[in-house]
Every structure is written in structure tokens, then in C-alpha cells.
Amino acid sequence: MTLPAYGHRHCLKIGLLGGSFNPAHEGHLHVARQAIRHLGLDQLWLLVSPGNPLKPAAGMAPFATRLASAQRISDGRRIIATDIEARLGTRYTYDTLSELKRRFPRVRFVWLMGADNLIQFPRWGRWQEIMHAMPMLVVPRPGATRRALAGQAAKRHQKVRLPARSGLCLPSKGAPAWILLPVRENAASATELRRKILEGTRP
């Protein structure tokens, strides 16, 4: 399988924001822009998941529809919506990250995760190994950030949490290392957006 040449130059810094994007929304774009700014990223990839094992299939739009919604908020240059996970044939995050590192050995990747996902992170397959796969940026989420910082994953890896001012250094840090993105919480959610869309179609 031949994958698009997203970048092979030395020390390219790329953020990875995975998700269902059901649909993509302003909150995703806010996170992408802030991550690029605080980490000095060359690119940020929106990894549209073919299927999240922890999310129910009911209410999940087709993959092509979700990919198209992510493409609408991307600019194709710094923020790139990609089906690379589907191309790789991986379903679990650890497998995806491992394959990306193997295929792009000179790229410095950073994994982005919402605080709501950090709460349930210990439920993810091989979550400890994900922490050791690449540095991680945790994104604040309304109603979840404090719980996340008091949760199992954050407590277990408290010693490798870096100050927010270290953001520009994060892509060069060896994992495990993580930072809480020092930005305001964004209340936009795909669930709320889907509700509004449904309400708008009612007679």
C-alpha cells in the first residue's frame, strides 16, 4: 500500500488529533489552531477513525461523511484531514501510532487527547504503551478537565507532566511526557451539533 507523502523532511513536527468527527466542528478547529501555535507544529493531522471501539455504532455517520466534514474544517496545508488510519487498516490507537512512527521515522509526532478522553484513557487498549509511544498534549474540555487531572492516568504519569510553558519543546521530548494545553475550554461538541441538525430537520 502506498500512502500520501505528507512530509519526510528532517524533524517535521506533526500533531495527531484522532476522533470520529461525527461531525467535525469549530471546537476541533480551535484545538488544531491552538496546538499548532503552542507546540510550533508544521502540520496537524485530523485522523478520522473508521470506527471507535469505545463508541456505539448507533448514530455514527458513514466514514466518508465524517471524513468530508473534517475536510471542510481543514485547509489542506497546515491542518489536514486524512483517512490514513483506514489506509493503514488499524483500529486501535497504539497500532496506528506505531505504524505512523515506522513509516515516518524522521517525523516528531505529538498525540492530542481531550481531557474527557483522558478520564477514560485506562480503558483504552495498551494505554500505558500509548503514553510511551509519543509525547501527548491534553486539551481542556468543559466539565472534564479537573476530573481528568485527578484521574488514574494523570496521577500515574504526574512525574512526566511538563509545565505549559514547555509547549515548544514537547515535540522533541522523549515519551512519556505530556502537557495540559493552556487555553480556554471550548464547549463545542459533536453531540450537541447533531442534536441541532436533527431539530432543524423537523417539520
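**Salt bridges, sheet and cores**

R87 and D83 form a salt bridge, with their closest N and O atoms 2.9 Å apart. R87 counts as partly exposed, at 35% relative accessibility. The structure is a predicted model, and everything described below was computed from it. By the rule used here, the count comes to four salt bridges.

Another of these contacts lies in a helix. The side chains of E99 and R103 meet in a salt bridge, at 2.6 Å from N to O. These two residues stand four apart in helix α4 (residues 93–103), so about one helical turn separates E99 from R103. The general geometry fits this: an α-helix has 3.6 residues a turn, so residues three or four places apart point the same way. Is E99 buried or exposed? With a relative accessible area of 19%, E99 is buried, since the cut-off for buried is under 20%. Its partner R103 counts as partly exposed, at 26% relative accessibility. The pair belongs to a network of salt bridges that links E99, R102 and R103.

A further salt bridge joins R126 to E129, with the closest N and O atoms 2.8 Å apart. Both partners are partly exposed: R126 has 43% relative accessibility, and E129 has a relative accessible area of 34%. R126 sits in the loop between α5 (115–120) and α6 (127–131). The backbone of R126 also deserves a look, as its phi is near 55 degrees, a positive value in a residue other than glycine.

The next topic is other backbone features of this kind. Most residues other than glycine have a negative phi, and most peptide bonds are trans. F21 has a phi near 50 degrees, which is positive although F21 is not a glycine. This residue lies in the loop between β1 and α1. Unlike R126, which is partly exposed, F21 counts as buried, at 3% relative accessibility. The loop between β1 (13–19) and α1 (26–39) also holds P23, and a cis peptide bond, with omega about 5 degrees, joins N22 and P23. Where else does a cis peptide bond join two residues? A175 and P176 are joined by one, with omega about 5 degrees. P176 is found in the loop between α8 (152–156) and β6 (178–180).

From the loops, the description moves to the sheet. Strands of a sheet pair through backbone hydrogen bonds, either parallel or antiparallel. Here six strands form an open sheet in the order β3-β2-β1-β4-β5-β6, and the pairing is parallel. β3 and β6 are the edge strands, each pairing on one side only. On average, neighbouring strands of this sheet are turned by 25 degrees against each other, direction ignored. At the β3 edge, four bridges join β2 to β3, and the two strands run parallel. L44, for example, has I79 in β3 as its bridge partner.

Helices lie across this sheet. α1 lies across β1, β2, β3, β4 (108–114) and β5 (136–139), and runs at about 130 degrees to β3. α4, the helix that holds E99 and R103, lies across β1, β2 and β4, running at about 160 degrees to β4.

Helix α2 (residues 63–73) has two sides that can be told apart. Its buried residues are R66, L67, S69, A70 and I73. Seen down the axis of α2, these residues fall within an arc of 160 degrees, so they line one face of the helix. The face turned away from the buried side carries the exposed residues A64 and R72. What do the buried residues of α2 pack against? They pack against α1, β2 (43–48) and β3 (79–82).

The last topic is the nonpolar interior. The largest nonpolar core has 33 residues, of which L16, W45 and F121 touch the most other members. Leaving out residues up to four places away in sequence, L16 touches W45, L47, L97, L100, F109, V110, W111, L112 and M134. Apart from the largest core lies another, of 27 residues, with L67, I73, V110 and L170 among them. L67 and I73 are also among the buried residues of α2.

Technical notes:
Residues are numbered from 1 along each chain as its sequence is written. This is a predicted model: local features need pLDDT of at least 70, side-chain atom pairs count only at pLDDT 80 or more; totals for chains, interfaces and linings use all residues. Side-chain values use heavy atoms; hydrogens and water are left out. A nonpolar core is a set of buried Ala, Val, Leu, Ile, Met, Phe, Trp, Tyr and Cys residues joined through side-chain atoms within 4.5 Å. Buried means under 20% relative accessible area, exposed over 50%, partly exposed in between (1.4 Å probe, protein chains only). Contact means heavy atoms within 4.5 Å. The arc is that of the directions from the helix axis to the C-beta atoms. Two strands pair if DSSP finds at least two bridges between them. Axes are lines fitted to C-alpha atoms, for helices over the stretch in contact, and angles run from 0 to 180 degrees between N-to-C directions.
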